[in-house]
Amino acid sequence: MEPQDYIDLKKIKWEGHLDRRKISIAVLALLAIIIMFSSVFQVGTESVGVVLRLGKYHRTLGPGLHLKWPLRLETYDIVPAERQLKEEFGFRTEEAGIRTRYAPQKYLTESLMLTGDLNVASVEWSVQYRISDPFLYLFKVRNIGETFRAMAEAVMREIVGDRTVNEVLTVGRNELSVAAQLKLQELCDQYLTGIRVDQVIMQDITPPDPVKPSFNEVNQAQQEKEKLINEARADYNLAVPRARGEAEQTIRRAEGYAIDRINRARGEAERFKSVFTEYRRAPDVTRRRIYLETLGEVLPKVGRKLFVDKETGNLVPLLQLGKEGQNQ
Amino acid sequence: MKQMGWLTIVILGVAALIVIWDGLFIVNEKQQVIITRFGKPVGNPITEPGVNFKVPLLHKAHFFEKRFLEWDGDRNQVPTKDKRFIWVDTYARWRIEDPLLFYQRLTDESRAQSRLDDIIDGATRDAVANHDLVELVRSSNREAALDPSLPEADLEEGLAQIEKGRSNIMQEILLSAASKSSNLGIEVIDVRFKRIDYNDDVRENVYERMIAERTRIAQRFRSEGQGDSARIRGEKERDLKQITSEAYRQAQEMVGKADAEAAGIYAEAYNRDPEFYQFLKTMETYSRALDEDSLLILSTEGEFMRFLQRARGR
């Protein structure tokens, strides 16, 4: 669409002076073709076309085939306004897909940054944005791609610079992206870029490589701590509930003993009382009866029995009963 | 006549072409133009888009950018006020505010870029050298959110308080650069630190410090783990003792009470006739105490054998 056409036209005209007829037809035909081709243009699906008439903004067109004034009377720029665009910092996607492949090399100058406590963190992130105002995008800032990258880097570093390395690595992670998005949008508006920042996505936020092992060590130690505590708790749980049960057992057993003891006492007391009542009616007889009954009960059980008479003094046993005696 | 007509047409045609080619020009939205006659500026700069006319061949149109332009500085190694060597990388936005002045002082953009290098780099160096590193890094005195899982006491440097902060220092650089470039027809709109980094030596030291800090935290975790574990084990011992002894105490109390109660019951009953009680109990004891292996010696004088003796004796 650049005005090379003009130069051709001029040359042809000069030559046309020599042989008017034939060449003037050719010239007219060529002119017609050039005008035709320079009057039609296409805008892709994701884009809009911005048309300048005589250098001045005239209209914005959606996707499709469009007519314009020929030659440089109207010029147009295509802006991918509907497409979501992405800038990556600290890493590069080499091949997007189901399993996206990333470039193996590190972009340390982009990713390493100072935190507010003057430590260093490696932050990788990407920005998704859209061209919301094609007019501003085209006519207010030159070389907007690089501008945008520089802005995004400055913003991220500013935000990370106001946080501790711990915040950046752990608790403040989500907050980072929100803060960065707000700040970057603010800057985009200030520079009249016509860009709307859709999302700032934090990718890997890690300690710098040489420091990584020591960060892992902290995690490890943390887990070790948990493990030790858990083991001790397990030990506790193994012993204490059992001891509680055993204690309960001791107490119950004592209870049983108490009940047993008292019941027996009561029973025996009652028994005695009953016997005693009878006894009082005829003390002598009862006494004797009991004595004899007892002996009657005892004697058969006893293996060896010795009867001693007063007259025989303390002499040899007269009679031996029981198994032993029988065997002799 | 015919020849004359021809010639006239040709001359007019050529003149028309020259006028169209060199006299008319389109200024678009991105451009601004000044016109010179043999190097001397003519008229006012054209900043609005549209078709314009100049005298062909005599006048010359110079096109300049109207948009915001980029400036990206080289990385500079600069010491801060607290003597730390850092790399500073800045970028700036600027525009040609007065194309005429710009043309007179700088002619074109590449010379402008090189002047901006001097101006902005200088201003940056001054600003960096006059401030502590933390002032360049931090932009507010916000409090750090704490990671609840990390022991706070072990974090060496929290967020130090600042007086000015990054944004204000950038503003200072901007003001300084803007004032130095205003007589060049340039407006510097914004200067920002793109990157501030430690140089390699300093970075090594920082890494070592970070490693030491993490090691300390790790050690604390380990020691805490051992401590807690010991405490729990102690608790276990204590609880065990407490539980068992408590149970023992209760059991003994119960046994004692029961014994006492039983004794009371017995006493109450047997006190009616202690002698008879003794007799009964003795009888009971006999029947329990004597068994197959016992040897029982009975005198005929005893109650049991009395009759036996009497029968024989009489």
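Long-range pairs dominate the fold of chain B: of its contacts with a separation of 6 or more, 71% join residues 24 or more positions apart, a contact being two residues whose C-beta atoms, placed from the backbone, lie within 7 Å. The model is predicted, so local features need pLDDT of at least 70 and side-chain atom pairs count only at pLDDT 80 or more, while totals for chains, interfaces and linings use all residues. Residues are numbered from 1 along each chain as its sequence is written, with chains lettered from A and ligands numbered from 1 in the order in which they are written.

Chain B holds eight helices and ten strands, which are DSSP runs (helices H or I, at least four residues; strands E, at least two) numbered from the N terminus. Of its 314 residues, 27% are buried, that is, 20 or more other C-beta atoms lie within 10 Å of their own.

Helix α2(B), residues 99-106, offers a neat close-up: its buried residues are P99(B), F102(B) and L106(B). These residues sit on the same side of α2(B) because they cover an arc of only 65° around the axis, taken from the directions from the helix axis to the C-beta atoms. Their packing partners in chain B include β2, β3 and α3. After α2(B) comes T107(B), with a positive phi near 65°.

As for confidence, chain B averages a pLDDT of 82, on the predictor's per-residue scale from 0 to 100. The mean is highest in α6(B), at 89, and lowest in α8(B), at 56. For the complex, the predictor gives an ipTM of 0.71 and a pTM of 0.69.

Note on methods: Buried ≥ 20, exposed ≤ 12 C-beta atoms within 10 Å, placed from the backbone.
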